[in-house]
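Got the viewer open? Let's walk through this one stop at a time, selecting as we go.

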Amino acid sequence: MADRIRSNPDAGAAYAAGGPGSANQSCVSNNGGTVCTPAQLAEDDWFWWLQSLNARMATGSAATVTVDTSAAPITRYTIQISWPDIGQRDASTYTMVFAQ
């Protein structure tokens, strides 16, 4: 997801939260340009990323992206994935933070 966010910097906050992820926007490349708006591409990225996570992760897994623009023009993104672990009371979590 970090690579997708980096390649679509104009979407910014459209990547925030648990993602839309509910709709495949069918964004395709057209002579190097994108047919979708940056926000639609973010929704499409979420859709495909969640499809991939759901196929590979245990039931009950979750993913979020937090977008912090308080230090503009730098935007800070926090991507977090959590999943249930057998025998563990609390979910396991992986967090990645980057800025652009």
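Here is a tour from the whole chain down to single side chains.

**Stop 1: the whole chain.** Before you zoom in, keep in mind that this is a predicted model. Show it as a cartoon and colour by secondary structure: you should find two helices and five strands. Follow them along the sequence and the order reads α-β-β-α-β-β-β. Now switch on a surface. The chain exposes about 6200 Å², and carbon and sulfur atoms supply 50% of that. Of its 100 residues, 29% count as buried. If you like contact maps, pull one up too: among contacts with a separation of 6 or more, 45% are between residues 24 or more positions apart.

**Stop 2: the nonpolar core.** Hide the surface and select Met-1, Ile-5, Tyr-15, Trp-46, Trp-49, Val-65 and Ile-79. These are the residues with the most contacts inside the largest nonpolar core, which has 17 residues. Colour the elements behind it next: α1 (2-6), α2 (38-56), β3 (62-68) and β4 (76-83) each give two or more residues to this core. Which element brings the largest share? That would be α2, with five residues. As background, nonpolar side chains in soluble globular proteins tend to be buried together.

**Stop 3: two tryptophans on α2.** Stay on that helix and show Trp-46 and Trp-49 as sticks. They sit three residues apart in α2, about one turn of the helix. Is Trp-46 buried or exposed? Its relative accessibility is 0%, so Trp-46 counts as buried. Trp-49 is buried as well, because its relative accessible area is 14%, and the cut-off for buried is under 20%. Now expand the selection around Trp-49: leaving out neighbours within four places in sequence, it contacts Met-1, Ala-63, Ile-79 and Ile-81.

**Stop 4: ring pairs.** The count of aromatic pairs comes to three. One of them is the pair you already have on screen: Trp-46 and Trp-49 are edge-to-face, 5.2 Å centre to centre with 70° between the planes. For another, select Tyr-77 and Phe-98. This pair is stacked, with 5.2 Å between the centres and 20° between the planes. It links distant parts of the chain, with Tyr-77 in strand β4 and Phe-98 in strand β5 (residues 92-99), 21 residues apart. Both Tyr-77 and Phe-98 are buried. Before leaving, add Arg-6: its charged end sits over the ring of Phe-98, 4.4 Å from the ring centre.

**Stop 5: an acid in α2.** Go back to helix α2 and pick Asp-45. Asp-45 counts as buried, because its relative accessibility is 7%. What does Asp-45 touch, not counting residues up to four places away in sequence? Light up Met-1, Arg-4, Asn-8 and Tyr-15 to see those contacts.

**Stop 6: Gln-80 on β4.** Finish on strand β4 by selecting Gln-80. Gln-80 counts as partly exposed, because its relative accessibility is 34%. Leaving aside neighbours within four places in sequence, its contacts are Ala-62, Ala-63, Thr-64, Thr-93, Tyr-94 and Thr-95. Draw a distance from Gln-80 to Ala-62, C-alpha to C-alpha, and you get 8.2 Å, with their positions 18 residues apart in sequence. Then look at Thr-95: a polar contact of 3.0 Å joins its side chain to that of Gln-80.

Technical notes:
Residues numbered from 1 in each chain as written. Predicted model: local features only at pLDDT ≥ 70, side-chain atom pairs only at ≥ 80, totals over all residues. Heavy atoms only, no water. Core = buried A, V, L, I, M, F, W, Y, C linked by side-chain atoms within 4.5 Å. Buried < 20%, exposed > 50% of the residue type's maximum accessible area, 1.4 Å probe, protein only. Helix = DSSP H or I, 4+ residues; strand = E, 2+ residues; numbered from the N terminus. Contact = heavy atoms within 4.5 Å. Phe/Tyr/Trp six-rings, centres within 6.5 Å; stacked < 30°, edge-to-face > 60°. Lys NZ or Arg CZ within 6 Å of the ring centre and 35° of its normal. Areas by Shrake-Rupley, 256 points an atom, 1.4 Å probe, with all protein chains shown as cover. Polar contact = N/O pair within 3.5 Å; in protein donor to acceptor, adjacent residues only side chain to side chain.
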